[in-house]
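User: I would like to learn how to read salt bridges and surface patches from a model. Please take me through the steps in order.

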Amino acid sequence: MNNFTKKRKKKGFTLVELMAVVAIIAILAVVLVPTVSGYIERSKKVAIVSQVRTVIGAVEIYNATASEQICKDDLISDLANSSTGKLKDDLSQKDINKLGSMDVKTARSINQDSDALKNIELNTNGTFKSFKGTIVTN
């Protein structure tokens, strides 16, 4: 009879404890998601700036050694075209895959802008959309 009157210890969590844990996780998610998404967007912009620097380096080398100069209005995708591009030997699709339909003038502007990361707008797929900074004319 003594066994029936003893209280048994219950194992597990109460509903209140589970609700508290879920609330804490929700609060952390609300705080961290905007921060993480900001880092992701910044890394995409850094990739664009890196590809711009690669392209500008290739354009400068080409202009220094070739008799025909690359025009500021030429599209980078045309320059890197594997069959007809002037920079087909220097640039691959991997080198320009984030730049979309950027021209050389915009690439030079991004390369010279110290706040380029703030002035670059992205498409939803993370490629270059537009540049809000000052466009270099030379």
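The dialogue below treats the salt bridges and then a nonpolar patch.

Analyst: Please note at the outset that this is a predicted model.

User: How many salt bridges does the model contain, and by what criterion?

Analyst: The criterion is a side-chain nitrogen of Lys or Arg within 4 Å of a carboxyl oxygen of Asp or Glu. By this rule the count is four.

User: Which residue forms a salt bridge with E41?

Analyst: The partner of E41 is K45, with the closest N and O atoms 3.5 Å apart. Both residues belong to helix α2, which covers residues 15-65; because they are four residues apart there, about one helical turn separates them.

User: Are E41 and K45 buried or exposed?

Analyst: The general idea is to compare relative accessible area with two cut-offs: under 20% is buried, over 50% is exposed, and values in between are partly exposed. E41 has 39% relative accessibility, so E41 counts as partly exposed. K45 has 11%, and therefore counts as buried.

User: Where do the residues of the salt bridge between K86 and E68 lie in the chain?

Analyst: K86 and E68 form a salt bridge whose closest N and O atoms are 3.1 Å apart. This pair links distant parts of the chain, 18 residues apart. K86 is in the loop between α3 (76-79) and α4 (93-96), whereas E68 is in the loop between α2 and α3. K86 is partly exposed at 28% relative accessible area, and E68 is likewise partly exposed, at 48%.

User: What does the salt bridge between D73 and K105 tie together?

Analyst: In this salt bridge the closest N and O atoms of D73 and K105 are 3.6 Å apart. D73 lies in the loop between α2 and α3, and K105 lies in helix α5 (residues 104-112), so the pair ties together parts 32 residues apart in sequence. D73 counts as partly exposed at 45% relative accessibility. K105 is partly exposed too, with a relative accessible area of 22%.

User: Let us turn to the surface patch. Which residues make the nonpolar surface patch?

Analyst: A residue enters such a patch only with over 30% relative accessible area and no salt bridge, and nonpolar side chains are joined within 5 Å. Here I24, I27, L28, V31, L32, V36 and I40 make a nonpolar surface patch of about 650 Å².

User: Where does I24 lie, and why does I24 count as exposed?

Analyst: I24 is in helix α2. I24 counts as exposed because its relative accessibility is 51%, and the cut-off for exposed is over 50%.

Definitions and conventions: Residues are numbered from 1 along each chain as its sequence is written. This is a predicted model: local features need pLDDT of at least 70, side-chain atom pairs count only at pLDDT 80 or more; totals for chains, interfaces and linings use all residues. Side-chain values use heavy atoms; hydrogens and water are left out. Helices (H or I, at least four residues) and strands (E, at least two) are DSSP runs, numbered from the N terminus. Buried means under 20% relative accessible area, exposed over 50%, partly exposed in between (1.4 Å probe, protein chains only). Patches are made of residues with over 30% relative accessible area and no salt bridge: like charges are joined within 9 Å, nonpolar side chains (Val, Leu, Ile, Met, Phe, Trp, Tyr) within 5 Å. Accessible areas come from the Shrake-Rupley method with a 1.4 Å probe; for residues, only the protein chains shown count as cover.
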